[in-house]
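Trainee: Please pick one part of this model and take me through it closely, including what surrounds the terms you use.

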Amino acid sequence: MADYDAFPEQRLSLIEQMLTETGRVIGVDLARKLGVSEHTIRRDLQELARRGICKKVYGGAVSQIKQSALFDVRTTQNIEEKSRIARRCAEMIGPDSCIFIDAGSTYLQMVEFIPAALTLTIVTNSPQIATALSSRRNGEVILLGGKINPLTGSTLSSDTVKQIQGIIFDQTFIGVCGLDPQAGLSAVCYEDACFKKEVLSQSNEVIAAVTADKMSQVARYKVASCEDIDIAVVSADTSIADFSHVNMRIDMAT
């Protein structure tokens with residue numbers, strides 16, 4: 001066995017590799033595996049967090065999500081998984097309700113599964129989603145204004161936040177950059193995180209569509225705890241073991 005106590009950079013590289021492969025490391029397990037003290041591991045995780053590689057959580061650390069691809073790129077990724085999740089989300093929409101649909105490639109797919117017969121007020125900050133909904137005859141579609149962020153594909157500004165403050169939503173389908181059992185729901189962009197928090201405060205039920213690559217992941221800005229989310233919709237083959245003790249319903253889309 002290598003002497004990881006004597007070679008800290010080698011130890012850090014190995015921990016970084018484990019974070020890349022699994023998304024999460026436990027301090028006690030690392031100390032045992034590498035033959036060093038838990039205090040040493042805590043220092044290592046602090047250093048990796050300083051480098052922006054991970055985010056420390058109770059008992060260990062999770063990999064930190066880097067800047068996402070542009071919205072147009074994300075619409076071409078994980079299409080089948082997103083379609084399953086999108087269909088299940090659409091099935092949850094209640095009749096005669098006012099809903100918010102956050103910007104996101106999964107929610108863009110969800111639009112095609114929303115029954116045309118449902119009378120709905122649909123609010124969104126996504127021009128793409130609003131365009132896809134523009135032919136609906138029952139209810140109304142409201143596009144929030146503001147400056148378009150090319151990363152999120154949505155309108156994000158102080159004006160957008162002010163508009164949302166005047167609406168109460170029966171259901172909100174919130175976008176997710178990362179969802180971790182301890183860190184909760186997080187976002188890559190500061191403006192996006194602030195906007196999502198405002199939306200959640202105006203919502204009676206919060207539903208999150210989460211692809212497998214976002215589970216047990218942490219982005220830079222916290223939006224809400226898992227307990228603030230009513231339902232997380234994931235594909236049936238997604239590992240949810242880390243969320244077994246979280247007070248949040250997880251719905252498996254098949």
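Mentor: A helix crossing is right-handed if the near helix is turned clockwise from the far one by less than a right angle, and left-handed if anticlockwise. This is a predicted model, where local features need pLDDT of at least 70 and side-chain atom pairs pLDDT 80 or more, while totals for chains, interfaces and linings use all residues. Numbering starts from 1 along each chain as its sequence is written, and side-chain values use heavy atoms, without hydrogens or water.

Let's look at H2 (residues 27-34) and H3 (residues 38-50), whose axes lie 9 Å apart at an angle of about 115° (lines fitted to C-alpha atoms over the stretch in contact, 0 to 180 degrees between N-to-C directions; helices are DSSP runs of H or I of at least four residues, strands E runs of at least two). The two helices are therefore roughly perpendicular (65 to 115 degrees), and their crossing is right-handed. H2 brings Gly27, Val28, Leu30, Ala31 and Leu34 to the contact, and H3 brings Glu38, Ile41 and Leu45 (heavy atoms within 4.5 Å). By class, that makes 6 nonpolar, 1 polar and 1 charged residues (Gly counts as polar, Glu as charged, and Ala, Val, Leu and Ile as nonpolar).

For the wider setting, the largest nonpolar core has 37 residues, with Phe100, Leu179, Phe195, Val210, Phe243 and Met248 among those making the most contacts inside it (buried Ala, Val, Leu, Ile, Met, Phe, Trp, Tyr and Cys joined through side-chain atoms within 4.5 Å; buried is under 20% relative accessible area, 1.4 Å probe, protein chains only). Its largest share, 4 residues, comes from H9.

Conventions. Parallel < 35°, antiparallel > 145°, perpendicular 65-115°, else oblique. Buried < 20%, exposed > 50% of the residue type's maximum accessible area, 1.4 Å probe, protein only.
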